[in-house]
Amino acid sequence: MRRSLLLLFAGAPLAYAPAALQGKELYEALYATGWGKDTRVSQGAKLLHTIRNMRRQGAAIDSVLDVGCSHGNVVAELWQSGIVASGVDIARGAADLATSLHKPPHGRASCNGEGRPCFQAASATSLPFRDGAFDAIASSDVLEHVDPSDVRAATAEFARVARNFLVLKIANRPEGSTLSGSRAGVGKFQGRTFKDALHQQGYADRLPTQLHTTVKGNEFWHEEFRRVGFALNRTIPDASWACCAYVLHRIEPYRPSRE
Ligand SMILES: *[C@@H]1O[C@H](CO)[C@@H](O)[C@H](O)[C@H]1NC(C)=O
């Protein structure tokens with residue numbers, strides 16, 4: 001009797017410890033504080049440049065999905081290059097921000113929205129598009145934010161939706177300064193750090209220690225993508241601290257699965 005009571009108490013604190021914010025809930029909370037509002041910050045510029053170069057060299061990249069599109073600047077730039085482009089982001093706040101900032105030049109036809117908006121809230125593990133819907137997926141500083149248990153689902157989903165190319169930037173190191181070091185608050189969060197703003201929203205005991213949940217090097221990611229049929233096409237030169245960006249291409253020619 002006493003023994004089982006002790007066990008019961010020993011187990012209790014774990015059951016009540018609030019889990020750290022993660023995934024959709026975390027990024028919705030961040031976008032509510034003005035995350036992504038600073039559109040000068042575009043992590044995707046290098047990827048954009050690479051896609052344009054590859055097209056000049058004759059690569060067939062006429063449609064691109066930006067996974068983790070944030071404010072949508074990369075998608076809007078792709079439109080300017082005459083590319084059909086759409087964006088998804090795990091946070092509805094991001095998709096709404098992008099929608100308010102950018103209108104496609106020729107309506108829905110230029111975003112392959114498949115009857116939906118050009119910017120949608122969706123997880124990298126569940127993309128709301130048919131198989132092979134885009135020639136390429138571009139994704140900058142996103143996969144390191146995915147939970148380790150979601151990595152296989154995300155890489156499989158990229159391989160399902162991209163016909164030929166994956167243009168990726170994936171950090172290989174932890175980051176910890178953004179939450180407490182940056183201030184980009186809006187409205188009642190003006191001037192606050194993101195950490196304070198999360199406190200203000202009632203998440204004080206659920207703060208994540210940092211935002212990079214899967215910190216792995218190139219070898220890891222290249223192996224994960226090889227499993228789903230993609231191999232290194234080229235590395236994308238970047239500042240040495242800003243590891244790691246590259247293009248992967250489909251190893252076997254794309255074959256649509258029969259519907
Ligand atoms: C990368 O892709 C381009 C475009 O398809 C192709 O021409 C080139 O041969 C590829 N490079 C490598 C190293 O596979």
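Before I start: I call a residue buried if 20 or more other C-beta atoms lie within 10 Å of its own. I'm also keeping in mind that this is a predicted model.

**Entry 1: strand β2**

I began with β2 and asked which way its residues point. V84, S86 and V88 go one way from the strand, while A85, G87 and D89 go the other way, and all of them are buried. With six of the six residues buried, β2 is largely enclosed by the rest of the structure. Then I looked for its pairing with β1: the two strands run parallel and are joined by five bridges. I noted one pair by name, L65 with its bridge partner S86 in β2. So S86 turns up twice in my notes, as a buried residue of β2 and as the partner of L65.

**Entry 2: helix α4**

Next I went to α4, residues 73-80, and wondered how many of its eight residues are buried. I got seven, so this helix too is largely enclosed by the rest of the structure. My list of the buried ones reads N73, V74, V75, A76, E77, L78 and W79. What do they pack against? I found α3 (45-56), β1 (63-67), β2 (84-89), α5 and β4 (134-140). After α4 comes G82, and I jotted down that its phi is positive, near 80°.

**Entry 3: α2 against α5**

I then checked how α2 (residues 23-32) meets α5 (residues 92-101). Their axes come within 7 Å and cross at roughly 45°. That angle makes α2 oblique to α5. On the α2 side I see E28, Y31 and A32 making the contact, and on the α5 side R92, G93, A94 and L97. Sorted by class, I have four nonpolar, one polar and two charged residues here.

**Entry 4: the core**

A reminder to myself: in soluble globular proteins, nonpolar side chains tend to be buried together. Here the largest nonpolar core holds 65 residues. Which of them touch the most other members? I wrote down V64, A136, I137, A162, L166 and V167. I followed V167 further, leaving aside its neighbours within four places in sequence, and found it in contact with L47, T50, I51, A136, A138 and V247.

**Entry 5: the whole chain**

Last, I zoomed out. I count nine helices and seven strands in the chain. Of its 259 residues, 38% count as buried. I also looked at contacts between residues at least 6 apart in sequence: 71% of these join residues at least 24 apart.

Terms used
Residues are numbered from 1 along each chain as its sequence is written. This is a predicted model: local features need pLDDT of at least 70, side-chain atom pairs count only at pLDDT 80 or more; totals for chains, interfaces and linings use all residues. A nonpolar core is a set of buried Ala, Val, Leu, Ile, Met, Phe, Trp, Tyr and Cys residues joined through C-beta atoms within 7 Å. A residue is buried if 20 or more other C-beta atoms lie within 10 Å of its own, exposed if 12 or fewer, and partly exposed in between; C-beta atoms are placed from the backbone. Two residues are in contact if their C-beta atoms, placed from the backbone, lie within 7 Å. Axes are lines fitted to C-alpha atoms, for helices over the stretch in contact, and angles run from 0 to 180 degrees between N-to-C directions. Helices (H or I, at least four residues) and strands (E, at least two) are DSSP runs, numbered from the N terminus. Angles under 35 degrees count as roughly parallel, over 145 as roughly antiparallel, 65 to 115 as roughly perpendicular and the rest as oblique. Ala, Val, Leu, Ile, Met, Phe, Trp, Tyr, Cys and Pro count as nonpolar, Asp, Glu, Lys and Arg as charged, and the others, Gly among them, as polar. Two strands pair if DSSP finds at least two bridges between them.
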